[in-house]
Amino acid sequence: MSVPNLETASADSLAPVLHAALQRLGQLGREGAVALARLVADDDADFDEAAEWIADIASGALRE
């Protein structure tokens, strides 16, 4: 998937890309977290909502 396609991508096509990216950032540890933090604005409501969903997934609270 290329970056220009992100705006119109479906959840099913984005999920594997995000999963792989999050796993890689996890492998990079703090360096990965800092790189992501540089991109996130303090008032980014979309990011905040996504982070809440990811926290729910990580805790096992979200299932189909």
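Start by colouring the charges: the chain has 4 positive and 12 negative ones, and the mean positions of the two groups are 15 Å apart. Here Lys and Arg count as positive and Asp and Glu as negative, with His and the chain ends not counted. Each charge is placed at NZ of Lys, CZ of Arg, CG of Asp or CD of Glu.

Before going on, know that this is a predicted model, in which local features need pLDDT of at least 70, side-chain atom pairs count only at pLDDT 80 or more, and totals for chains, interfaces and linings use all residues. Residues are numbered from 1 along each chain as its sequence is written, and side-chain values use heavy atoms, leaving out hydrogens and water.

Now colour by pLDDT, the predictor's confidence in each residue, from 0 to 100. The chain averages 91, and 97% of the residues score at least 70. Where pLDDT is low, the predicted coordinates should not be read in detail.

Switch to cartoon view. You'll find three helices and zero strands, running α-α-α from the N terminus. Helices (H or I, at least four residues) and strands (E, at least two) are DSSP runs, numbered from the N terminus. Select residues 11-28 for helix α1, which has the lowest mean pLDDT among the elements (94), then 30-37 for helix α2, which has the highest (96). The C-alpha trace spans about 30 × 30 × 25 Å along its principal axes.

Next, turn on the surface. The accessible surface comes to about 5,500 Å², and 57% of that belongs to carbon and sulfur atoms. Such areas come from the Shrake-Rupley method with a 1.4 Å probe; for residues, only the protein chains shown count as cover. Buried residues make up 2% of the 64 in the chain; buried means under 20% relative accessible area, exposed over 50%, and partly exposed in between.

Time for the patches. These use residues with over 30% relative accessible area and no salt bridge, joining like charges within 9 Å and nonpolar side chains (Val, Leu, Ile, Met, Phe, Trp, Tyr) within 5 Å. A salt bridge is a side-chain nitrogen of Lys or Arg within 4 Å of a carboxyl oxygen of Asp or Glu.

- Select D42, D43, D46, D48, E49, E52 and D56: together they form a negative patch. E49 sits in helix α3, residues 45-59, and is partly exposed at 46%.
- Select L18, L22, W53, I54, I57 and L62: they make a nonpolar patch of about 500 Å². Helix α3 gives the most to this patch, with three residues. L22 belongs to α1 and is partly exposed at 35%.

Last stop: G60, in the segment after α3. Draw a C-alpha distance from G60 to T8: 28 Å in space, 52 residues in sequence.

Conventions. Buried means under 20% relative accessible area, exposed over 50%, partly exposed in between (1.4 Å probe, protein chains only).
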